[in-house]
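Here is a short briefing to read alongside the sequence and the 3D view. Please keep both at hand as you go through the points.

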Amino acid sequence: MSGPGGEDGWSGPGGLPGTVAHRRTGRRVEAAGPLDLSGTGRATAEAVRFLRECQGLGLGVSWRATGTPPYDPRLLHHLPPPVELPGEPGVLASWRAGHAHGTLYHRRGPDFVTVLDRRERGKAVRLTLDHPALHATFLRLLEPTPVAELDATGREALGLLTAERLVLAGGGWAVALPPRIRQWPVPCTAI
């Protein structure tokens, strides 16, 4: 069982955040307890980061959700769907139907990040974050971050990234949504 890790919050050789207790067996991960999707603070931001990193490593995840999202749950459809989700059963069915590996991800270059967003069926959006404030804020938000710690420029960039549906912000915390895909399924052309 992995739990809170070292000083940087990462545990184990798998590169998964240590803030969510989990068990990893090969290419499968099981969260030890339900993950908070209520959007009311740090717990939601940490849950999203954990799922995002699992997605980036191409790991299958078994997890349960707690809390009813006050935000549009389609923001998370690029992440592995939970086994159970409180609220309307249609939301979970929609998540399962809409989930596919690689529907939202980012790639990094020198002083820029490109994002491919295909969460909406039949629509692909490619964004390049090359403005210094957008680039720096996006990279910072790969770690769950209290909004109060952002300066005025960072908060303005947060607003733009949230409007583009690249960041989940709520309860005074924000976290970037697109994973950096490190492990593609074989064959990757199946995506």
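The notes below cover the empty space, the salt bridges and the nonpolar core of this model. Please bear in mind that the model is predicted. A search of the whole structure finds 1 cavity of 30 Å³ or more and 10 salt bridges, while the largest nonpolar core has 46 residues.

**The largest pocket**

- The largest pocket holds about 230 Å³ of space. It is lined by 13 residues, and A97, G98, R118, R119 and R121 are the closest to its centre.
- By residue class, the lining of the largest pocket is made up of 7 polar, 4 charged and 2 nonpolar residues.

**The largest cavity**

- Rolling a probe the size of a water molecule over the atoms shows where empty space is left.
- The volume of the largest cavity is about 50 Å³. Around it you will find G39, G41, T44, A45, L168, A169, G170, W173 and V175.
- Three elements each give two or more residues to this lining: α1 (42-56), β12 (167-170) and β13 (173-176). The largest share comes from β12, with 3 residues.
- The lining of the largest cavity has 5 nonpolar and 4 polar residues, and no charged ones.

**Salt bridges in and around α1**

- Side chains of opposite charge can pair when their charged atoms come close.
- R42 and E46 form a salt bridge, with 3.2 Å between the closest N and O atoms. The two residues are 4 places apart in helix α1, so about one helical turn separates them.
- The two partners differ in how they are placed: R42 has 45% relative accessibility and therefore counts as partly exposed, whereas E46, at 7%, counts as buried.
- This pair also belongs to a wider set, as R42, E46, R49 and E143 are linked in a network of salt bridges.

**Salt bridges around D72**

- D72 forms a salt bridge with R74, the closest N and O atoms being 2.9 Å apart.
- D72 also meets R165 in a salt bridge, at 3.5 Å from N to O. That second pair links distant parts of the chain, 93 residues apart: D72 sits in the loop between β7 (65-66) and α2 (89-98), and R165 in the loop between α4 (152-163) and β12.
- What do the accessibilities of these residues look like? D72 has a relative accessible area of 26%, so it is partly exposed.
- R74 counts as partly exposed because its relative accessibility is 49%. For R165 the value is 24%, which means that R165 counts as partly exposed too.

**The nonpolar core**

- In soluble globular proteins, nonpolar side chains tend to be buried together.
- Within the 46 residues of the largest nonpolar core, those with the most contacts inside it are L35, L37, F50, W63 and L76. Helix α1 gives the most to this core, with 6 residues.
- Which residues does F50 touch, not counting those up to four places away in sequence? They are L16, P17, V20, H22, V29, L35 and V61.

Notes: Residues are numbered from 1 along each chain as its sequence is written. This is a predicted model: local features need pLDDT of at least 70, side-chain atom pairs count only at pLDDT 80 or more; totals for chains, interfaces and linings use all residues. Side-chain values use heavy atoms; hydrogens and water are left out. On a 1 Å grid over the protein atoms alone, a cavity is a set of points where a 1.4 Å probe fits but cannot get out, and a pocket is an open set with protein on both sides within 12 Å along at least five of seven lines; lining residues have an atom within 4 Å of a point. Grid points are joined across faces, edges and corners, and a volume is the space filled by probe spheres set on the points. Ala, Val, Leu, Ile, Met, Phe, Trp, Tyr, Cys and Pro count as nonpolar, Asp, Glu, Lys and Arg as charged, and the others, Gly among them, as polar. A salt bridge is a side-chain nitrogen of Lys or Arg within 4 Å of a carboxyl oxygen of Asp or Glu. Buried means under 20% relative accessible area, exposed over 50%, partly exposed in between (1.4 Å probe, protein chains only). A nonpolar core is a set of buried Ala, Val, Leu, Ile, Met, Phe, Trp, Tyr and Cys residues joined through side-chain atoms within 4.5 Å. Contact means heavy atoms within 4.5 Å.
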